[in-house]
Amino acid sequence: MHIFRWFSLLCLGLGSLNSAAWQIDVQADNDKSSQVVVSNDRDLHGMMVYLVWFDKDNPAAEMFQSWTLEKAWQKGLQPISNNPLDLKPFDAFNLTNSPPTTCPETHRCFMGMVAIPANSDPLNSDNWQAVSMFPLNVAASKERIKGQRFFLASASSSLVYTSTSIDKANNITAAAPTSTTTTGSTAQTEKPDILRLVGTDLWYANAQAQRLQVIDVSKPEQPKLSTAYDLKGTPREIYQLGQYTVLLESLNSQNAGTQLTVLTRSANGKLSPVDTLTLTGNFLQSRRRENVIYSVMSDSETFTKADCIGCSASQVVTKITALSLDAQGKLQILDTAKVGGYTPSIAIFPDYLVLANDNPQPNNWTASQVQVFDLSQASAPLRALPGLLVPGQVPSEFHLNVFNQQLRLVYGAPDRAKGSSLAIYDLRNAQMPLIGKVDNIAIGEQLFATRFTDNRAFVVTYKRTDPLWVIDLNDATAPKIVGELKVPGWSEKLFFNNDRLFALGINDQPLPNEKNQWVRRVAASLFDVRDPANPKELGRFTPFAGEVSSTSSIALDDERALSLDWQQSTAAFPLTSWETQAGNHLQLLSFANDQLQDLGRIDVSTSLLRSLPLQANILAALGDQSLFTVKWGKDKPQILAELELATSVNWLHYQAGQLWGVARGDRGFYRAYRYDPKDLTTPAQRWSLARAFDSTLGDKNLIVFYSNNPAAVQVLDTQQGQLSKLQLLEDVATPSTVTTWYDRSQTLLKDGWLYVGEQHPFVMDKRLPANYNYQIEQQNQWVLRSWNLQATTIVEAPRRTLAGRPLTFTNQGLLVTQEYTEKGQNRVNVLALSGQNVNLVSSRELDASCYPLAIQADGVYVQCTTYPQYNYAMDTAKTASIVAPQQSSTILLKLDAAHNLAEVGRWTWSGYRSVRTINNNVVIISNDSGGIYYTTAVASTMPYGVFSCELYRLDQAVPTLLKSIETCPYADGFATSDQQGWVVQGFAGISTFTW
């Protein structure tokens, strides 16, 4: 293929080329010819200048063609002039008479312009004072030579991710089911929660803060922490029984079990333990009847197999433990029981505890095992009644009910063609016989919500619409369906009061202007069920309808997250959307006068778990990191105050005597802090961010919060203390303008500019003829995008091609990239950015065990690892033996970015290490590949494994150990000055160290 024909096509794909540099281009003149364009932005004195075409894969005698002032193009390597030249800057200059040369497809052909001192070797790149190299075909574009300024991926890359579009940016009366019985029992029962309001004190078992916190909410505009108690594990539930608080925690170490702690509060407000008790097994849920707590756990037990002598196996069982609390605050185990299976639905009633478990029998997992315990006899606190096996699954505790000493339950059949069923069993009969049943409820539909009242059951199923079924239970021997209402979507939770049903569920119906768009939005509904035969929907409200396509709420899974006040006819529930600029909210509704009305919503910086009323028209909205007090009424609700409950700073940056930190919420970075290094407990300043961000970067006087898709930033000016508004870097209004990208690199910040690399398919211009070489379109390339964040208006700069994935900037402003060669080797590149141009400074292939580090420092640092190798020896008897393996080691190399990546430092450690950060020749390196790991249960982020770090000075051939650090987070969790460092400790705060 003629190289200038190929290159003319290539230039069309690249668009207009900037020529304000020492640069060489080849531009299409017409469909069949092209011209070489050179430019210069430097003062060059006494230089020999070479302008050459060369084929790296031809023999030396045939490799070069040179352009000279006297003869234009000629074979061989010749300077433009035989005499040294003094060159002043000049604009683009066109050379005619392009060389009539072809380049084989598999060869690597370049056009180059080089300036060297007189009497020096032009083939030695160390002599090049100015250089520009442009590849002329695909094979050359995959090369990496000094001065190269256009690049295609050197190896085929896996398409990790593709983006072609942009997203559009406690009066808890809804508690567990209750019942009455003909025995006249008035025993109080409770389904506990992680919070309790006692007078004007809000008790909160906070998993994030790892503390039981007591919050004074007597002044809603000024809530404050009164006292706290450090937790031993992950908090599950709390009970308030008179003067005692009972805390249930899952201990975090393996097989540690569940700990119950009885606490009392002294006159000075301090919380002190009175008694503790530990139960084995994984905690599921608990319930209370009077002063007896029933803890339900999952555990495994070993048994001997009947069909195998000496064989044993294990099985999962559900364990129930009854514990009493006496007047002195002491816990005592009263009784225990166990049933087969795990993950039960658990419901408590004045005299009964009911568990519905997936049936553990072989080949029968679609059935449910239902176990009822009689709680009314003091001599037998857990008296098991006969077990039931029902041919279907019981989705939740709300599908279980006890009334008039009858067990009533609804289960979904494994075969939807048979529909769901409601069954009634007589608990007064020792055999618990079935006395009434309704089958074939909603054939072909899935079972969702159920709500029992004394004489009715309301059942919701779903396939394409949401049928609300009303079942008459007045005659337990002959229950019957008496009413049906079909509405779109489905309900997950139902709540009944005075012939009204309040429902929370999903509206999956698109609006008229959304056509066939998929939507799944949380919706609240109000039903009139006064006439069982004719239920009516009084209203439905769908927050964010027409704004986002999907929302979610924790209240759909946990009814305790819904604050429902029947007397005030109000409801409040948390609401979340992952779509752009939606975030976390508390939605308030009124259903007074049978009208479902929007009372507004508040937007908060972190997700919410609960809300509960404090005073008239004032409520508390609680997340695991903040408490918000909210005033609502006729006007838009407003936040009165925010109390931070848990701060986990996990990003640090030291600059000019100030320490900057960022706290990560459960959905991303959401707060920034400025600390005086002398006081690490209380931030001097705090900023709340607009949303969750994917990463944070700091450089000089800027801290940048970056979101990846769509690209968006908030910028904190550390000198002025000002936080900008959220700024989108991509046009969400016209997503079609966004170039398809396979992968995005980490973001980089240097001298006020934000950089991100994108891996793109290389696409030629549409003006190209249909018969051009399609091999070009199959290539991938890395493109550098950049924005000046200090400009009045942030506008993207022209994009530039890169040699590989951007990793870091050196202190001198050189860009370091990494890529894999065609042979799978690791390659590190150093690039210089000048205006709109990128030039390769140096490139070096690394050993397969080596990888360049993404650390901004005074050079390019590379970590190499050697692993143990087992050698097998064979003796004269042909018997194999294993030779002891070589010990693994970690090598840190320092390469000179400006001088051909020459090695200027080498340090070695035994074992596998991981370099975390380097600053002023001091390296922090871990003793293992791990860092701080976090559990995920109940939103807890408590570390369960921590590896230590060590500080070494690198100014000698052997690294000098300066200090050991017990906690070793990743690089963002460290900040260092010349002789002092800081490290994050999760929710325990920030610690400091010196050397």
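**Entry 1: burial and surface**

I began with burial: 54% of the 995 residues of the protein chain count as buried. I am working from a predicted model, so I keep to what its atoms give me. For the accessible surface of the protein chain I get about 43300 Å². Carbon and sulfur atoms hold 46% of that surface. Then I looked up the secondary structure, and the protein chain has 3 helices and 80 strands.

**Entry 2: the cores**

Next I went for the nonpolar cores. The largest one holds 37 residues. Which of its members touch the most others? I noted Leu468, Leu494, Phe502, Leu562, Leu564, Phe573 and Phe591. I then checked which elements give two or more residues to this core, and the list is strands 32 (446-452), 33 (456-462), 34 (465-472), 35 (480-488), 36 (490-497), 37 (500-507), 38 (521-528) and 41 (570-577). Strand 37 supplies the largest share, 5 residues. A second core, separate from that one, has 22 residues, and Trp22, Met47, Val49 and Ala115 are among them. A reminder to myself: in soluble globular proteins, nonpolar side chains tend to be buried together.

**Entry 3: two open sheets**

I picked out two sheets to trace. One is an open sheet of 4 strands, in the order 15-16-17-18, with antiparallel pairing. Strand 15 (234-241) and strand 18 (271-279) are its edges; each has a single partner strand, so one side of each has no neighbour in the sheet. Ignoring direction, I find neighbouring strands here turned by 20° against each other on average. Between strand 15 and strand 16 (residues 244-250) I found 7 bridges, the two strands running antiparallel. At Leu241 I looked across and found Tyr244 of strand 16 opposite.

The other is also an open sheet of 4 antiparallel strands, this time in the order 62-63-64-65. Why is one side of strand 62 (805-809) and of strand 65 (837-846) left without a neighbour in the sheet? Both stand at the edges with a single partner strand each, so there is nothing in the sheet on the other side. The average turn between neighbouring strands of this sheet is 30°, direction ignored. Strand 64 (residues 826-834) and strand 65 run antiparallel and are joined by 9 bridges. Opposite Val828 I found Arg844 in strand 65.

**Entry 4: salt bridges**

I ran the salt-bridge search and it came back with 47. I wrote up three pairs and one network.

Arg287 and Glu397 pair through their side chains at 3.2 Å, N to O. Arg287 is in strand 19 (residues 282-289) and Glu397 in the loop between strand 27 (388-390) and strand 28 (400-403), so this salt bridge ties together parts that are 110 residues apart in sequence. Buried or exposed? Arg287 and Glu397 are both buried.

Arg601 and Glu547 make another salt bridge, with the closest N and O atoms 3.5 Å apart. This pair links distant parts of the chain too, 54 residues apart: Arg601 is in strand 43 (residues 597-604), and Glu547 is in the loop between strand 39 (536-541) and strand 40 (563-565). I checked the accessibility of each partner. Arg601, at 22% relative accessibility, counts as partly exposed, since buried would need a value under 20%. Glu547 is partly exposed at 47%, as exposed starts over 50%.

Arg906 and Glu903 also form a salt bridge, their closest N and O atoms being 3.0 Å apart. Arg906 is partly exposed with a relative accessible area of 42%, and Glu903 is partly exposed at 34%.

For the network I listed Glu730, Arg744, Glu758, Arg785, Glu796 and Arg799, which salt bridges link together.

**Entry 5: aromatics**

Last, the rings. Searching the whole structure gave me 17 aromatic pairs. How do Trp909 and Tyr952 sit against each other? Their ring centres are 5.4 Å apart and their planes are at 70°, so I logged the pair as edge-to-face. Trp909 lies in strand 71 (residues 902-910) and Tyr952 in strand 76 (residues 949-953), so to speak two distant parts of the chain, 43 residues apart. Both Trp909 and Tyr952 are buried. I also found one aromatic cluster made up of Phe54, Phe64 and Phe110.

Key
Residues are numbered from 1 along each chain as its sequence is written. Side-chain values use heavy atoms; hydrogens and water are left out. A salt bridge is a side-chain nitrogen of Lys or Arg within 4 Å of a carboxyl oxygen of Asp or Glu. Buried means under 20% relative accessible area, exposed over 50%, partly exposed in between (1.4 Å probe, protein chains only). A nonpolar core is a set of buried Ala, Val, Leu, Ile, Met, Phe, Trp, Tyr and Cys residues joined through side-chain atoms within 4.5 Å. Two strands pair if DSSP finds at least two bridges between them. Axes are lines fitted to C-alpha atoms, for helices over the stretch in contact, and angles run from 0 to 180 degrees between N-to-C directions. Accessible areas come from the Shrake-Rupley method with a 1.4 Å probe; for residues, only the protein chains shown count as cover. Rings of Phe, Tyr and Trp (its six-membered ring) pair if their centres lie within 6.5 Å; planes under 30 degrees apart count as stacked, over 60 as edge-to-face and the rest as tilted.
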